[in-house]
Amino acid sequence: MDLKNIIVCSKCNTPHKKRKLLKNEIAKCQVCENILYRPFPALKYILFSYSFSAFIFFVLANLYPIIHLDVAGYKGEFRILEAIFYIYNQGYVFLSLFTLFTIVIFPLALLILTFVFSFFVIIDFKRLAKKILIFITVLKEFVYIDIFFVAILVSLVKVFEYGEIMIDIGMISYVVVLLIFIYLYRYIDIYYYWEMVDV
Amino acid sequence: MFKRCNRCGATNLAFKNRCRRCNVKLNSNNLLAFSLAFCGFVFYIPANLFPIIETNKFFINYTNTIIDGILVLWEKGDYPIAVIVFIASVLIPVLKFIIIFYLVYSIKFRKCKNFRFKEKLYKFISVTGHWSLLDVFVVVVLSGLIHSESIFVRPREGALFFLIMVIFTVLSVMNLDLDELGEKCGYSRSKNR
């Protein structure tokens with residue numbers, strides 16, 4: 001019995017035998033109709049190109065200001081790294097380090113690792129890709145850029161009535177990064193990544 | 001007979017301790033989950049008592065706790081934002097503690113009733129748990145946006161306690177395993193059907 005050819009439903013734990021799907025087919029659980037798997041024929045190329053694009057936009061989002069604020073003569077701008085260093089200088093070391101890791105370092109590492117992972121899969125170097133995937137699987141649980149984005153929007157609403165707010169190139173880049181992140185790590189289940197290296 | 005790895009989705013034999021593909025432990029530690037949730041609860045109390053944010057407008061200082069911040073938003077008429085912050089910072093953490101304690105209690109004492117409902121509760125806290133960080137990140141963004149000598153926003157100790165609370169609860173949910181209850185109750189679902 002080869003376990004690689006068996007898939008267990010994540011909802012009801014019913015085991016099913018896997019088979020190769022056609023382009024528009026979706027495998028569903030016989031018992032609860034939960035989606036078991038769907039075909040992602042070009043996933044390695046999607047990961048390769050999207051992670052590289054997201055990397056470029058992520059750098060832009062961190063280098064350029066996200067928002068400009070003008071309140072009664074006070075002109076402020078919000079850059080992610082500057083905000084983190086400001087909090088660090090205020091003595092909130094743990095808070096700043098947590099933000100630095102979950103908003104900057106982990107997402108950046110995740111993108112780089114995804115890029116390297118997909119590259120190794122493309123050149124059929126699956127043993128090394130598998131080792132990288134372990135890090136990707138763990139890291140993706142600790143990336144909170146989606147929450148941070150909502151936090152930016154909530155903050156905008158809070159300061160909206162006090163002055164003029166302008167969004168900058170950083171914000172646009174951040175939105176692009178966020179959309180790619182949602183697609184790569186929320187929409188595509190990590191199961192499909194693992195299926196590529198299950199050797 | 002089979003067990004699905006929660007991390008990578010691989011199919012494993014039920015008696016195996018580690019996943020054949022990603023090598024993660026297949027059986028979680030529910031006692032650890034309880035301990036982490038309890039630590040989180042301890043930090044939740046000062047997180048609500050101490051101010052989370054300090055605002056200085058032309059040398060006049062205001063400090064706000066989480067509840068104060070929500071009330072200010074509500075009084076200003078920003079009802080949707082007040083509701084979002086209330087859900088993320090008050091409702092979800094409280095629900096999360098109640099659900100974690102309830103699930104650990106169910107696992108420990110084999111309370112098999114409403115197993116499907118418990119599964120839904122587990123899914124709810126897995127998906128929504130880390131959204132409690134919203135308030136902490138709002139403080140970070142406001143601090144980064146407004147920091148001149150005459151007007152500034154700064155985090156206060158409440159934000160730190162709240163952050164620690166969220167970290168503990170996120171780790172707690174990661175260590176919680178409802179499959180153990182399923183097996184104890186005969187819902188080892190692959191066998192059951």
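Contact, as I will use the word this morning, means heavy atoms within 4.5 Å. The structure above is a predicted model, in which local features need pLDDT of at least 70 and side-chain atom pairs count only at pLDDT 80 or more, while totals for chains, interfaces and linings use all residues. Residues are numbered from 1 along each chain as its sequence is written, chains are lettered from A and ligands numbered from 1 in the order in which they are written, and side-chain values use heavy atoms, with hydrogens and water left out.

Let me start with helix H2 of chain B, residues 66-76, where the buried residues are B:Ile66, B:Gly69, B:Ile70 and B:Leu73. These four cover an arc of only 95° around the axis, which puts them on the same side of H2(B); the arc is that of the directions from the helix axis to the C-beta atoms. By buried I mean under 20% relative accessible area, by exposed over 50%, and by partly exposed anything in between, with a 1.4 Å probe and protein chains only. Helices (H or I, at least four residues) and strands (E, at least two) are DSSP runs, numbered from the N terminus.

What do the buried residues of H2(B) pack against? Within chain B the partners are helix H1 (30-49), strand E4 (60-64), helix H3 (79-108), helix H5 (134-145) and helix H6 (157-175), and to these is added H5 of chain A. Just after H2(B) comes B:Gly77, whose phi is positive, at about 95°.

Staying with chain B, there are two asparagines to point out. B:Asn23 sits in the loop between strand E2 (11-13) and H1, and its phi is near 65°, a positive value in a residue other than glycine. B:Asn114, in the loop between H3 and helix H4 (115-128), likewise is not a glycine and has a positive phi, of about 55°. B:Asn23 is partly exposed, with a relative accessible area of 47%, and B:Asn114 counts as partly exposed at 45%.

Now to chain B as a whole, which has eight helices and five strands, in the order β-β-α-β-β-α-α-α-α-β-α-α-α along the sequence. Its radius of gyration is 21 Å, well over the 16 Å that the globule rule gives for 193 residues, so chain B is more spread out than a compact globule; the radius is taken over C-alpha atoms, and the rule is 2.2 Å times the number of residues to the power 0.38. Along the principal axes, the C-alpha trace of chain B spans about 70 × 35 × 25 Å. Buried residues make up 52% of its 193 residues, and of the contacts in chain B with a separation of 6 or more, 63% are between residues 24 or more positions apart.

Chain A has seven helices and seven strands, which run β-β-β-β-α-β-β-α-α-α-α-β-α-α from the N terminus on. Its radius of gyration is 21 Å, whereas a compact globule of 199 residues would have one near 16 Å, and its C-alpha atoms fill a box of roughly 70 × 35 × 30 Å along the principal axes. Of its 199 residues, 48% count as buried.

Three residues of chain A deserve a look on the screen. A:Lys140 lies in the loop between helix H4 (126-139) and helix H5 (145-159). Is this lysine buried or exposed? A:Lys140 is buried, with a relative accessible area of 14%, and, leaving aside neighbours within four places in sequence, A:Lys140 is in contact with A:Leu110, A:Tyr185, A:Arg186 and A:Ile190.

The other two are phenylalanines, A:Phe115 in helix H3 (residues 93-122) and A:Phe52 in helix H1 (residues 43-63). Not counting residues up to four places away in sequence, A:Phe115 touches A:Phe48, A:Ser51 and A:Phe52. A:Phe115 counts as partly exposed at 26% relative accessibility, and A:Phe52 is partly exposed too, with a relative accessible area of 43%. As for backbone distances, the C-alpha atoms of A:Phe52 and A:Val116, 64 residues apart along the chain, are separated by 9.7 Å, while those of A:Phe115 and A:Leu133, 18 residues apart, are separated by 11 Å.
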